[in-house]
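User: I would like to learn how to read aromatic pairs and a few other side-chain features in a model. Please take me through them.

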Amino acid sequence: MAELFNFKPKSEIDAERNTLEFISKCKTDLTVFGNDLNWDSWKWPKAGNFTKSGVHSRTKDETGRLDENFIDFAKAYFRYQQGHKPTGTKNELKALRTIEAALLQSNVSASIHNLSIPILDKAAQLMRASYLSGSDYHGGRELERLAQFVTSKKLIAADLGGWRNPIARKQDTIQTGEKAKARREKKLPSEEALIALAEIFASDPAEPKDIFTSCTFAMLMCAPSRITEVLELPVDCEVEEVDSKGVSRYGWRFYAGKGFGGDIKWIPTEMVGIAKEAIKRLTKLTDDSRKLARWIETNPDKFYRHECCPKVDDDYPLTMKEACQALGQANGTSNERHTSLNNFGLERKDGVHTLNSLWKYALSRQPEGFPWVNRERKIKYSNALFCMRRNLIGTDRGISPVILWVPTNTVFNNDLSPRDSLKSNTHQSIFDRYGYLATDGKQIKLNSHQARHLLNTFAQRGGLSQLEIAKWSGRADQKQNRTYNHMSEYEMVAKAEALDTSLTLFGPSGEIDKHLPITIQEFNIMEKGAVHVTEFGVCIHDFTMTPCDKYRDCLNCHEQVCIKGENEKLIRIKARLSKVEQLYQAAENALNEGLSGADRWYEYHKNSFERLLELVSILEHPDVVAGAQIKLRSDKSFSPLRRAIESKLSKNELKNAEDTKLLDDMARLLGGGLG
């Protein structure tokens, strides 16, 4: 019997060889994540854990790691991409995890060589199911990037370069109504929080933690920055230059995220004083810490002689009290000395420690990556604005005179909000420490990114171009501006009207007087009987002639008059707008589904929604004075009276404008108008 064999094409052999070489070079030649990186570990410090999709990234269970046939390629690809274009999101891991899951669910080996169009489609489905809207799009984009990479580098035999991400990007649509208002309020800081922090900053606090939080937030209010960018500023970040008009300008030299690179963020003139004062206070707070950092860099073999350091030789045997003094720990009583040394994991005896031995211990406890705060951005601890000694802004332990530390975004945000997850009530935010509460009596909440949203919204209101906003914010893509624009629909309309006076409020170009409020004189000389108070305003319909033509549908009636400044009635109108918006969306969905009769409800709710939106915009428009009487007209208005008249007229009589006017006049003479 003839021997059988499986023929392997040369393309597959070459792909396997290329993959092995790619993994080998990424393992031995790349230094991303450090020269001492343990390749064989499935947990990489400062990088991530190579866990399966759906498994918690911090799991200790090895069964949750990526498949043995896939993990080496995953490590190589991840290290290669982060080396060429480092990101904070590390979306490559999303793509790798979902591809591994798609391979295994397709009952094939998890080897990257089995990647195909159906596998990528399956991975995209898993991406949608595993991640929130918006995040799934970015993960799908990484799937596309990976497919193009393995094809262009000849790591697989198949050609997947034409595969495209099927997950649509989340639309940055401008929403209206109550939902949009709630979304804006969530993204923007409350006025009470801003006033509280401004007052705390103005009081020139003395406590290190209060100085840190108040000054850092003040800096966030000076330029639209991410908190991570601010916390990695060098101490010499300040820049002053004279512009082309001879005016001195002040800014900070940043290294921005999101792929923008290095840049100077110029501070608005009104905020320059605040910016300089915040930098001054922080520089003073962290001066001693930078001195320690410079000492460690230049004198790594000698103990740092701080103020409380025992004045003895470096190799002199220290008592427990002297050892605690050298480490800057509590040492007043025997119990305090035992506790302090125990907390450091050091032996609790006299004569066993020297300054030399304690210095070796102190060096081992310096932050990972020292002397660099950020190697890529060339920021060292000795030149970092936020270089601190451990517990400098803590409240429970003494400040370490020999161990460095830098605050993170978590530390900053924790001091801006209560921590509901804590079972104890020991945590106090900066607002709690100063006794500030919200108007409803609850604790004030804030986060660092809300300042960035607020400044971007200010920039949109102020009329900066999208390029200027992107540049000021440190963005490479102008489209990202939309996420940070929280102008209301009414502000958008007012801005459009300022650019083109022919535009009407929430309507097509036409006669502007259709939407202007009537004057008191016009209201007083109108032919009318008694004025009836309604829940939204007043009704000028003459009930002596005809009953209500609208069956109390007041907001769709042109005989309804609303008064600017009646806040309670405005609240009712906006509540009705919210309900109508929901009905309008439901009718639109029914129309799209082809339900019988949905078109009539759609037209009715559409007209009601547009009319209410128009009414609210006028009542809230800053140029409409309090007491103004607003009466909207409408060419789309319906009443049983009009229908009755229309049925009596022939089609030929309705063909021209004169007969349309006759129709209106007849209805008016009959007493009801066309309301």
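Analyst: The turns below go through ring pairs, charges over a ring, and one threonine. The model is predicted: local features need pLDDT of at least 70, side-chain atom pairs count only at pLDDT 80 or more, and totals for chains, interfaces and linings use all residues. Residues are numbered from 1 along each chain as its sequence is written, and side-chain values use heavy atoms, with hydrogens and water left out.

User: How is a pair of aromatic rings described, and how many aromatic pairs are there here?

Analyst: The description uses the distance of the centres and the angle of the planes. Rings of Phe, Tyr and Trp (its six-membered ring) pair if their centres lie within 6.5 Å; planes under 30 degrees apart are stacked, over 60 edge-to-face, and the rest tilted. The count by this rule is 19 aromatic pairs. One of them is Tyr 77 with Phe 149, edge-to-face at 5.3 Å centre to centre and 70° between the planes.

User: Which parts of the chain does that pair link?

Analyst: Helices (H or I, at least four residues) are DSSP runs, numbered from the N terminus. Tyr 77 is in helix H2 (residues 71-84) and Phe 149 in helix H5 (residues 135-152), 72 residues apart. Buried means under 20% relative accessible area, exposed over 50%, and partly exposed in between (1.4 Å probe, protein chains only). Tyr 77 is buried at 0%, and Phe 149 is buried at 8%.

User: Why is the pair of Tyr 80 and Phe 149 called tilted?

Analyst: Their planes are at 55°, with the centres 5.3 Å apart, so the pair is tilted. Tyr 80 lies in helix H2 and Phe 149 in helix H5, so this pair ties together parts 69 residues apart in sequence. Tyr 80 is partly exposed, at 21%. Phe 22, Phe 70, Phe 73, Tyr 77, Tyr 80 and Phe 149 form one aromatic cluster.

User: What lies over the face of Trp 372?

Analyst: A charge sits over a ring if NZ of Lys or CZ of Arg is within 6 Å of the ring centre and within 35 degrees of the ring normal. Lys 380 lies over the face of Trp 372 at 5.1 Å from the ring centre, and the charged end of Lys 378 sits over that ring, 6.0 Å from its centre.

User: Is Thr 216 buried or exposed?

Analyst: Thr 216, in helix H8 (residues 208-220), is buried, with a relative accessible area of 0%. Its side chain reaches the backbone oxygen of Phe 212 at 2.6 Å.

Definitions and conventions:
Helix = DSSP H or I, 4+ residues; strand = E, 2+ residues; numbered from the N terminus. Polar contact = N/O pair within 3.5 Å; in protein donor to acceptor, adjacent residues only side chain to side chain.
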